[in-house]
Amino acid sequence: MSGSLWYQQAVALWRKDLRAELRTRVALGSMGVFALASLMLIALSMLSLKDEVFVDALGHSHLAWDNPAKMALLWVLFCFAAFAGLSHSFVHEESTGTAQNLRLFMSAHAVYAGKLFFNFTVLGAIMLVITPIYMLLTGMQVGGIMVFVPIMVWGGMSLAAVATTVAALASRAHTSGALFGAIGLPMLIVLLVLIMQAAKLCYSAHIDTISIVKDTGGLLSYGILIITLSALSFHFVWED
Amino acid sequence: MNKAVLIGLLIVSGAMGFTLWAFSSSMTPYVDIHQAEQMGTRVQVRGKILHNTAHWSFTKHTLNFMLEDSHKDEIEVVYHGPKPESFDTAPETAATGIVQKQPDGTLVLESSSMVVKCPSKYDDETKSALRGAYGKA
C-alpha cells in the first residue's frame, strides 16, 4: 500500500470507507434521518404557503414562498445534514485508533482525497434521494437547467469539501463537535451566498451566458479553492 | 519551491480571483448620486436627509424625501417600507435601491432598505451646546 501511487491509495481508502459505511450506515443513517424528518416538517408546515400571494407597496403581487426561497431552504437542509453526518469521517478514525495506520501506510494527500471522495459520494446519494422528494412536496421548479445542474453538482462538491476540511480540523481537537460548527460557519456563509446568487439566476426570466459563467463558475471556483487549499495544508493537520 | 506546491498556489490564486469576482455581485457598493444615476444597478447612496422635504404616505406606505450627498448633489428617495423610528431625528442615511426614471423625466432612487444614522450626543456641535447649557468652559 505504501508503495502505490497517492490516487491508488485514495481509491483504496474510499472503498474501505464505503464498505464500512454500507455495513454500519452511521453517516447515511444520521443524514437520512435528519433529512427525512426535516422534509416531513417542511411538508406539514409549509404546504399552506404554497399558493400564498402577497402584494407589495407598489401593488405588485408575488408568491410568498417563491422558487429561490424554496432552493434556500433545500440547501439549509443539505448543510445541516452534511454537518450531522460527515463530521464522523475523521473522528471515527481517531476514536477507533485506525488513524495511526493511515498515517503510516498512506500519504496525507491520499487520505484527504479518499475522505473527500467518500464524503462527496455520501452527500451525493442523500441529495439524489432528497431533492426529487422535496421538489414534489414544495412544487420547486427546475428553472434554467443549465444553472440548476451546476448548482446541485458544484454546490454539493463545495459543501463536501467544506465538511471534509472542517472534519479534519475538528478531529484533532477534544471538543470536536463545537469546533466543527465554529470553523464551518464562515466557510458555509460564502458558499450559501454563492448558491443563493446562482439560484436567483436559475429562476430569472433572462439568463445570459456571462451570468451563467459568473454565478455557476463562482460555485465551482469556490469548491476548487477550498479543495486546493485543504490539500496543500492537510499534512500540517494530519501529521503529528 | 516544490513544483506541486507552485501549481497549487497558482490554482488557489486563480480560483480566489474568480470567486471574488462572482461574490462581488452579491454586494451593494457605496456610490455618490452622480454614479448611482449612471450605473442603473442596485447601489447604496449615503447622504444628508433634507427633513423639510420628507413626506410619509400612510396609504402607499412610502416615505419620500430629498437626499444630499457630499458633492451637494440631490436626489429624491422613495422608500418602500415602514418608516424607521429614528428617521425624524436622524441627520444622515444610507439608502439602498435603484435609480429609476419617472414618466416626467425626473430621476428617483427607489429604495427598499435604509439605514439611518442616529444623532450623536458626542459630536462637536452638541458637545459645545451642552457645555454652554451647563456653563462649563
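User: In this predicted model, which residue of E6(B) is the bridge partner of Tyr79(B)?

Analyst: Let's start with the strands themselves. E4(B) covers residues 74-80 of chain B, and strand E6 covers residues 107-116 of chain B. These two run parallel and are joined by four bridges. In E6(B), Tyr79(B) has as its bridge partner Ser111(B).

User: E4(B) also pairs with strand E3 of chain B. Over how many bridges, and in which sense?

Analyst: Strand E3 takes in residues 62-68 of chain B. One pair to look for is Phe65(B) with its bridge partner in E4(B), Val77(B). The sense of the pairing is antiparallel, and the number of bridges is seven.

User: Which residue takes a positive phi in the hairpin of E3(B) and E4(B)?

Analyst: Look between the two strands, where the hairpin has five residues. One residue there has a positive phi near 70°. That residue is Lys72(B).

User: And in the hairpin of E2(B) and E3(B), which residue takes a positive phi?

Analyst: Here E2(B) and E3(B) run antiparallel, with six bridges joining them. Across that pairing, Ile49(B) stands opposite Leu67(B). The hairpin has four residues between the strands, and the positive phi, near 55°, belongs to His61(B).

User: Which residue of E5(B) is the bridge partner of Val43(B)?

Analyst: Strand E2 spans residues 43-57 of chain B, and strand E5 spans residues 92-101 of chain B. The two pair in the antiparallel sense over six bridges. In E5(B), the partner of Val43(B) is Gly97(B).

User: What stands opposite Val31(B) in E2(B)?

Analyst: Val31(B) takes us to strand E1, residues 30-31 of chain B. E1 and E2 of chain B run parallel and are joined by two bridges. Opposite Val31(B) in E2(B) is Val45(B).

User: Stepping back, in what order do the elements of chain B run from the N terminus?

Analyst: Chain B has three helices and six strands to place. Following the chain from its N terminus, the order is α-β-α-β-β-β-β-β-α.

User: How much of chain B counts as buried?

Analyst: For a residue to be buried, 20 or more other C-beta atoms must lie within 10 Å of its own. Chain B has 137 residues to test this way. The share that counts as buried is 17%.

User: Which element of chain B gives the most to the side that touches chain A?

Analyst: The contact takes 18 residues from chain A and 17 residues from chain B. On the side of chain B, one helix, made of residues 3-24, gives eleven residues. By class, that side has nine nonpolar, seven polar and one charged residues. The element that gives the most is helix H1 of chain B.

User: Over in chain A, why are H6(A) and H7(A) called oblique to each other?

Analyst: Helix H6 (residues 108-138) and helix H7 (residues 145-171) of chain A pack with their axes 9 Å apart, at an angle of about 135°. Angles over 145 degrees count as roughly antiparallel and those from 65 to 115 as roughly perpendicular, while the rest, apart from those under 35, are oblique. With an angle of about 135°, the two helices are therefore oblique.

User: Which way does H6(A) cross H7(A), right-handed or left-handed?

Analyst: Residues making the contact include Leu116(A) and Phe120(A) of H6(A), and Met157(A) and Ala160(A) of H7(A). By class, the contact has ten nonpolar, five polar and one charged residues. The crossing is right-handed.

User: Is Gly156(A) buried or exposed?

Analyst: Gly156(A) is placed in helix H7 of chain A. Not counting residues up to four places away in sequence, Gly156(A) touches Phe120(A), Leu123(A), Gly124(A) and Met127(A). Because 23 other C-beta atoms lie within 10 Å, Gly156(A) is buried.

User: How far apart are the axes of H3(A) and H6(A)?

Analyst: Helix H3 is made of residues 67-85 of chain A, and H3(A) packs with H6(A) at an angle of about 150°. Their crossing is right-handed. Among the residues in contact are Leu74(A) and Phe78(A) of H3(A), with Ile126(A) and Tyr134(A) of H6(A). The distance between the axes is 11 Å.

How values were computed: Residues numbered from 1 in each chain as written. Chains lettered and ligands numbered in written order. Predicted model: local features only at pLDDT ≥ 70, side-chain atom pairs only at ≥ 80, totals over all residues. Buried ≥ 20, exposed ≤ 12 C-beta atoms within 10 Å, placed from the backbone. Contact = placed C-beta atoms within 7 Å. Nonpolar A, V, L, I, M, F, W, Y, C, P; charged D, E, K, R; others polar. Pairing = 2+ DSSP bridges. Axes fitted to C-alpha atoms, helices over the stretch in contact; angles between N-to-C directions. Left-handed = near helix turned anticlockwise from the far one by under 90°.
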